[in-house]
Amino acid sequence: MDFDLIIRAAALVAVLGTGAVYGTDVFCAIVLRPALALVDDRALIAVMGSVHRYGDRRMPVPGVLGLVATATSAVLAAVASHWAQAIAAGTALVLLLVWLVLYARVSAPINRQLTAAADAGQVLSNGRALQAKWDQIIGTRAMLQGLALAALCVVLAL
């Protein structure tokens, strides 16, 4: 099998995994965030707690797949001395790692609090503040995923 084909296959898998997370973040930024501003606190906690219950269980699959495939593409391109592809995939990898740090440090702790409150049928006194903090970085998260996706498309185009 041609080494270039393996690099492209890894990049394609990375595009598919990253694309799923990107689409989710964009949906949250442009649809879910403004919609939640119109609901009461009980609905906010119930909806977002439920969304995070499922999202935090299911979204790691495409996220990890995208991250691992991106790293694989970067390493294989570097080994093959395909420097433009290696730089593009390496850039995508850095962007995805920054996204992961933001998610782990800001979003995930909020997700756990909202999910626990929803599971207990509670309304948190700081629920709106938690959601506002979550909302502050969803645009950045979407941008990071989008830029990573663009960089992965460069790998495929070269």
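Of the 158 residues of the protein, 40% count as buried; buried means under 20% relative accessible area, exposed over 50%, and partly exposed in between, with a 1.4 Å probe and protein chains only. This is a predicted model, in which local features need pLDDT of at least 70 and side-chain atom pairs count only at pLDDT 80 or more, while totals for chains, interfaces and linings use all residues. Residues are numbered from 1 along each chain as its sequence is written, and side-chain values use heavy atoms, with hydrogens and water left out.

## Overall layout

The protein has five helices and zero strands, giving the pattern α-α-α-α-α along the sequence. Here helices (H or I, at least four residues) and strands (E, at least two) are DSSP runs, numbered from the N terminus. The C-alpha trace spans about 55 × 20 × 20 Å along its principal axes. Contact means heavy atoms within 4.5 Å. Among contacts with a separation of 6 or more, 83% come from residues 24 or more positions apart.

## Helices H2, H3 and H5

Helix H2 covers residues 41–58 and helix H3 residues 60–79; their axes come within 5 Å and cross at roughly 35°. Axes are lines fitted to C-alpha atoms, for helices over the stretch in contact, and angles run from 0 to 180 degrees between N-to-C directions. On the H2 side, Gly55, Asp56, Arg57 and Arg58 meet Pro60, Val61 and Pro62 of H3. This contact is made of three nonpolar, one polar and three charged residues. In that count, Ala, Val, Leu, Ile, Met, Phe, Trp, Tyr, Cys and Pro are nonpolar, Asp, Glu, Lys and Arg are charged, and the others, Gly among them, are polar.

Now for helix H5, residues 127–157: its 31 residues should span 45 Å at 1.5 Å a residue, and the end C-alpha atoms are 44 Å apart, which agrees. The expected span is 1.5 Å times one less than the number of residues. H5 also has a kink of about 30°, centred on Ile137; the bend at a residue is the angle between axes fitted to the seven residues ending there and the seven starting there.

## The nonpolar cores

A nonpolar core is a set of buried Ala, Val, Leu, Ile, Met, Phe, Trp, Tyr and Cys residues joined through side-chain atoms within 4.5 Å. The largest one has 16 residues, of which Met48, Ile110, Leu114, Leu124 and Trp134 touch the most other members. Helices H1 (3–36), H2, H4 (83–120) and H5 each give two or more residues to this core. Leaving out residues up to four places away in sequence, Leu114 touches Ile45, Met48, Gly49, His52, Leu124, Leu130 and Gln131. A second, separate core of 13 residues includes Ala14, Val15, Ala148 and Ala151.

## Three residues to look at

| Residue | Helix | Relative accessibility | Class |
|---|---|---|---|
| Ala43 | H2 | 26% | partly exposed |
| Asp25 | H1 | 2% | buried |
| Cys28 | H1 | 8% | buried |

Setting aside neighbours within four places in sequence, Asp25 is in contact with Trp99, Ile138, Arg141, Ala142 and Gln145. On the same basis, Cys28 is in contact with Arg33, Trp134 and Ile138. Trp134 is also one of the residues that touch the most other members of the largest core. You can check two C-alpha distances in your viewer. Cys28 and Gly17 are 11 residues apart in sequence and 17 Å apart in space. Ala43 and Ala118 are 75 residues apart along the chain, with their C-alpha atoms separated by 9.4 Å.
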